[in-house]
Structure formats: structure tokens, C-alpha cells
Protein chains: 2
Amino acid sequence: MSIEFSRTSVSRSPRKRKGQGGERREEILAEALRLIGERGVQGVSTRQIAEAVGISQPSLYAYFPSRDAIVEELHDRAFVLLVQALDQFRPTPGKPLEQAVEYLRVYVDFGLQNPDAYRVAFMIEGAAKPKPPVADPSAKPAMQAFDRLREAVRTLHLNGGAYKADPEALAQCLWAGLHGLVSLLIARPNFPWAEREALIRTHLILLARGVLNDDQAAA
Amino acid sequence: MSIEFSRTSVSRSPRKRKGQGGERREEILAEALRLIGERGVQGVSTRQIAEAVGISQPSLYAYFPSRDAIVEELHDRAFVLLVQALDQFRPTPGKPLEQAVEYLRVYVDFGLQNPDAYRVAFMIEGAAKPKPPVADPSAKPAMQAFDRLREAVRTLHLNGGAYKADPEALAQCLWAGLHGLVSLLIARPNFPWAEREALIRTHLILLARGVLNDDQAAA
DNA sequence: CGAAGCAACCTAACACTGTCAAGATGCTTG
DNA sequence: CAAGCATCTTGACAGTGTTAGGTTGCTTCG
């Protein structure tokens with residue numbers, strides 16, 4: 001890598017006072033997210049994070065059991081932000097199709113406006129190394145985010161009967177459709193995309209039309 | 001990592017004869033893909049690949065300029081396989097909707113049957129480190145694969161007029177929709193998915209309905 | 001005020017990683 | 001048989017995540 005400037009003792013941050021270790025934790029997470037945004041999840045080392053925070057690198061292990069634990073915490077926090085964004089949505093009165101499009105748009109905009117968080121949340125290759133199954137998966141922020149989509153589909157179902165299909169499957173299709181667009185837009189910025197605004201609208205209308213029945217879609 | 005068995009000289013492969021260096025190249029790629037399938041892209045080291053092939057680890061650098069070059073070659077080859085799969089498709093006569101669903105299904109099945117290849121092709125975080133732009137991007141296998149989707153949408157457009165929207169954007173929506181489902185199914189095997197067959201059919205019908213116009217979809 | 005206790009933090013070291021430099025080996029052709 | 005060169009090796013370097021063990025210095029209690 002060969003960094004130019006001096007590597008020896010770069011402006012250490014003053015030692016935290018006795019009960020304030022939590023502050024360090026937050027600083028670590030903040031710097032980690034910032035660096036990941038610049039260099040990608042794989043491009044950031046614990047030494048770089050520690051140097052940005054202003055502590056020695058093994059000190060990280062006083063706050064996190066491993067490097068992956070830092071990423072995982074960012075992962076969970078990203079989902080919390082997503083859930084907040086979805087919950088803050090208040091539909092403007094109008095056609096069901098437009099309302100559905102608006103709601104799905106919240107997901108897309110979240111991803112595009114917080115690409116670092118979205119990357120960490122969805123696009124890390126954590127798989128292939130089997131992790132011990134977590135105690136209560138439904139408590140994880142990721143599941144709570146999906147619950148919002150499930151709930152949205154169910155509401156549409158009640159409010160006039162959506163396209164005849166398992167609502168659970170429909171919600172998963174919605175999620176897959178949204179994730180596909182967002183992840184590709186983030187991961188492949190060099191692809192010759194169509195004009196972004198039109199592309200997103202087309203995609204969301206396509207998805208919404210698939211979930212709504214024909215009457216709702218036409219209304 | 002701490003491997004049990006002996007590390008010193010584990011059954012070297014005999015030296016290739018003079019013009020046969022290409023064989024080694026293929027062996028390296030094969031072992032690399034196999035190991036990546038087992039342990040994930042990040043979980044495989046050049047030393048592990050070299051040991052599996054039966055050569056010393058720096059020997060890899062006689063065939064590839066870097067570790068990433070190995071992954072990238074696998075990446076391109078995965079797309080070639082995808083293009084082949086798409087090109088081999090011959091529709092069974094029937095309704096336009098069913099034909100479209102069948103065609104999209106080729107993409108999904110390819111991803112699910114070749115998860116290693118699909119991972120390497122689509123789900124590696126190659127971004128964030130800006131690569132020098134390739135000379136002719138349209139020559140890359142990835143682009144050729146997308147061309148197939150573009151062509152499919154255009155055919156539908158001619159054969160009766162698809163949903164009114166930019167065909168290019170529609171093709172990109174299709175791709176995003178397909179990729180979303182495949183990548184999530186591969187990356188999140190522990191998610192409480194709906195029954196897979198029904199899920200895929202629901203998703204593909206949703207996408208196809210979005211591209212076809214109402215008459216075609218109903219026919 | 002002084003001393004105990006412990007949170008906060010550090011240095012040193014380990015096994016691993018990708019990559020480079022320089023040399024040895026041995027098939028193949030003249 | 002000898003030259004030439006593709007093939008492959010050993011050795012080293014700087015980087016990585018992680019652990020062990022020791023030091024610092026704030027805080028609280030006697």
C-alpha cells in the first residue's frame with residue numbers, strides 16, 4: 001500500500017474518562033462507516049480504523065470481539081435507519097398505485113442516499129461461512145424492516161384485494177425487486193443506465209402493478 | 001486458521017511440459033472456483049488455491065497478474081455460461097406470458113444452479129476501488145448477457161407492443177428484478193422464504209406482467 | 001489526603017495474507 | 001550434446017486480524 005506520511009504515533013485521541021468507554025465505541029463505528037464508504041468493506045483494515053479514531057489497533061478489541069462484529073453492528077444500525085425511514089412515510093392522498101409507488105420509493109431513496117449503509121446491510125458476502133443461528137431472528141432489525149413490506153402488502157390486500165397470490169410471497173417479490181434495482185445501481189455505477197429518475201419510476205410502477213389488482217392499478 | 005495436516009510439500013503436481021502452461025491456467029481456475037464455492041470469495045487465499053493445484057503459491061503469478069485477476073476471469077466466464085444458457089432457450093408454443101416467464105426462468109435457474117458462478121459474476125464487492133475503464137465495455141461478457149434481455153424486451157415490443165415505457169429502461173428493470181431474487185435467494189438461505197417454486201413463479205409473472213401489455217398478459 | 005481498584009489503553013508477538021525478486025529445473029529444439 | 005527458455009521454486013516483505021500480558025491514570029472509598 002505504501003503510505004507516504006509518517007506512520008509513527010499520529011495524534012492519539014486523549015484517553016476517555018472512566019465511564020465513557022461508550023463514546024469510543026461510537027467513534028469507532030462512525031469512523032468505520034466513513035472509511036467503508038470511501039474504500040469499501042474489504043478495503044478497510046482495523047489498523048486504519050484505529051488510526052482514524054486515534055487509538056492503538058488492539059484497543060478495538062476492547063469494544064468489539066472481532067472486525068466482523070464492527071461491520072455487523074453497522075449492518076444492524078443500517079436496518080434500524082431503514083425501518084425509521086419507512087415508518088416516517090405518510091402517503092399523500094391519491095390513487096392506490098401512486099401511493100404504493102411512493103411507499104416503495106422510500107426504500108429506493110434510502111438505499112441511494114445511504115449507499116454505505118445499504119452496502120453494509122445487504123451487499124456484504126457474509127455467507128459461505130456458516131454463522132451460529134441467532135437466538136431470535138425476528139428480533140433482528142433486518143426482519144423488522146421486512147415486516148414493514150409484509151404489512152404494506154397485507155394492507156393493500158385488505159383494501160380491495162391484491163393480485164391473487166400468497167401475500168407473503170408477494171412481499172418477498174417486492175423486496176427482491178427493490179433490492180435488485182438498488183443494489184445494482186450502487187454496485188454498477190459504470191453500467192449505461194437509463195435516465196435514473198425514469199428508470200426508478202418505471203421499476204416501481206412495474207412492481208406496484210404486480211401487487212395491485214387491475215382495478216386498483218387502473219383507478 | 002490452524003490447519004491440522006502437514007503443511008510441508010503436499011503432493012506436488014508434476015511440472016507441465018513446455019507448451020502446456022495453458023493447462024495449469026485451467027487447473028488454477030477450476031480449483032479456485034471450487035474453493036470459492038466452498039468458502040466464499042473472501043475465504044479463499046492464493047496459497048490455498050496453489051496447494052489445491054499442487055504448485056507453489058508464487059507460481060500463480062506466472063499465469064495471473066494478481067489474485068483479483070483470477071476472480072475476474074471466473075467472473076467473465078460465468079457470464080459466458082449465462083449467455084449460453086439464454087441462447088439455448090427455445091420457447092414452447094403458448095401464451096406470450098408463459099413464454100416470457102419461461103425465458104426469465106432460464107436466468108433464475110442458471111443463478112440457482114450455478115451459485116458459485118453467479119456469486120462471482122454479480123455479488124462481489126469489486127466497486128469502491130475504481131478500476132481503469134476497460135477499452136470496449138460492450139465486448140465484455142457481462143454486457144453480452146444484458147443484450148439478451150434487451151433483445152427479448154424489444155421482441156415483445158414488436159410482437160404486439162409492450163407496456164408503454166422506454167424498452168431500454170424496461171430491460172434494466174427486468175434485470176434488476178431477476179437479480180434481486182436470485183442474489184437474495186443465494187445470499188440469504190436462512191431467510192424464511194416462501195415455498196421456492198411458488199415464489200419464483202409469482203416473481204416471474206409479476207415481472208412479465210409488468211413488461212407485457214394487458215392484452216398479452218391476459219391472452 | 002492517600003491508596004486500592006479497575007476501566008482504558010498500550011506494546012509485542014503470532015499466524016496469516018498478497019506480491020515481488022531472483023534463481024533453479026528440465027523439456028525441446030538446433 | 002548444448003543452448004534457450006517456459007516452468008516452477010525458495011526467500012523475503014509489508015500488510016492483515018487476533019491474542020497475551022502489562023501499563024496508565026481516573027475514581028472512589030477508607
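Biologist: Which residues come nearest to DNA strand C?

Modeller: Keep in mind that this is a predicted model. In it, 30 residues lie around DNA strand C. Both protein chains are represented among the nearest of them, which are S56(A), Y63(A), T46(B), Q57(B) and Y61(B).

Biologist: How much of the part of DNA strand C within 4 Å of the protein is sugar and phosphate?

Modeller: Two contacts show the phosphate side: backbone N or O atoms of K16(A) and S56(A) lie 2.8 Å and 2.6 Å from phosphate oxygens of DNA strand C. A base is approached too, with a polar side-chain atom of R15(A) 3.2 Å from a base nitrogen. Counting the atoms of DNA strand C within 4 Å of the protein, the share of sugar and phosphate is 61%.

Biologist: Which helix gives the largest share of the surface near DNA strand C?

Modeller: Two helices each supply at least two residues there: helix 1 (21–39) of chain A and helix 2 (46–53) of chain B. By class, that surface has six nonpolar, 11 polar and 13 charged residues. The largest share, three residues, comes from helix 2 of chain B.

Biologist: Now to the other strand. Which helix gives the most to the surface near DNA strand D?

Modeller: DNA strand D is surrounded by 29 residues, and T46(A), Q57(A), Y61(A), S59(B) and Y63(B) are the closest. Helix 2 (46–53) of chain A and helix 1 (21–39) of chain B each supply at least two residues of this surface. With three residues, the one that gives the most is helix 2 of chain A.

Biologist: How far is a side-chain N or O atom of Y63(B) from a phosphate oxygen of DNA strand D?

Modeller: Chain B also reaches phosphate oxygens of this strand through its backbone, at 2.7 Å from K16(B) and 2.5 Å from S56(B). For the side chain of Y63(B), the distance is 2.4 Å.

Biologist: What relation links chains A and B?

Modeller: A rotation of 180° with 0.0 Å of shift along its axis superposes chain A on chain B, with an RMSD of 0.0 Å. That is the relation of a two-fold axis.

Biologist: Which residue of chain A comes closest to the rotation axis?

Modeller: The copies meet through the same surface, because 100% of the interface residues of chain A are also interface residues in chain B. As for the axis, the closest C-alpha in chain A is at 1.8 Å, and it belongs to G180(A).

Biologist: Which residue of chain A does F122(B) touch?

Modeller: F122(B) is among the residues with the most contacts inside the largest nonpolar core, along with W175(A) and W175(B). Leaving out residues up to four places away in sequence, F122(B) touches F79(B), L82(B), Y107(B), W175(B) and H179(B), and, from chain A, R188(A).

How values were computed: Residues are numbered from 1 along each chain as its sequence is written. Chains are lettered from A and ligands numbered from 1 in the order in which they are written. This is a predicted model: local features need pLDDT of at least 70, side-chain atom pairs count only at pLDDT 80 or more; totals for chains, interfaces and linings use all residues. Side-chain values use heavy atoms; hydrogens and water are left out. Copies are superposed by least squares on the C-alpha atoms of residues with pLDDT of at least 70 in both. Contact means heavy atoms within 4.5 Å. A residue is near a molecule or strand if one of its heavy atoms lies within 4 Å of it. A polar contact is a pair of N or O atoms within 3.5 Å; within protein, one must be able to donate a hydrogen and the other to accept it, and residues adjacent in sequence count only if both atoms are side-chain atoms. Helices (H or I, at least four residues) and strands (E, at least two) are DSSP runs, numbered from the N terminus. Ala, Val, Leu, Ile, Met, Phe, Trp, Tyr, Cys and Pro count as nonpolar, Asp, Glu, Lys and Arg as charged, and the others, Gly among them, as polar. A nonpolar core is a set of buried Ala, Val, Leu, Ile, Met, Phe, Trp, Tyr and Cys residues joined through side-chain atoms within 4.5 Å. Buried means under 20% relative accessible area, exposed over 50%, partly exposed in between (1.4 Å probe, protein chains only).
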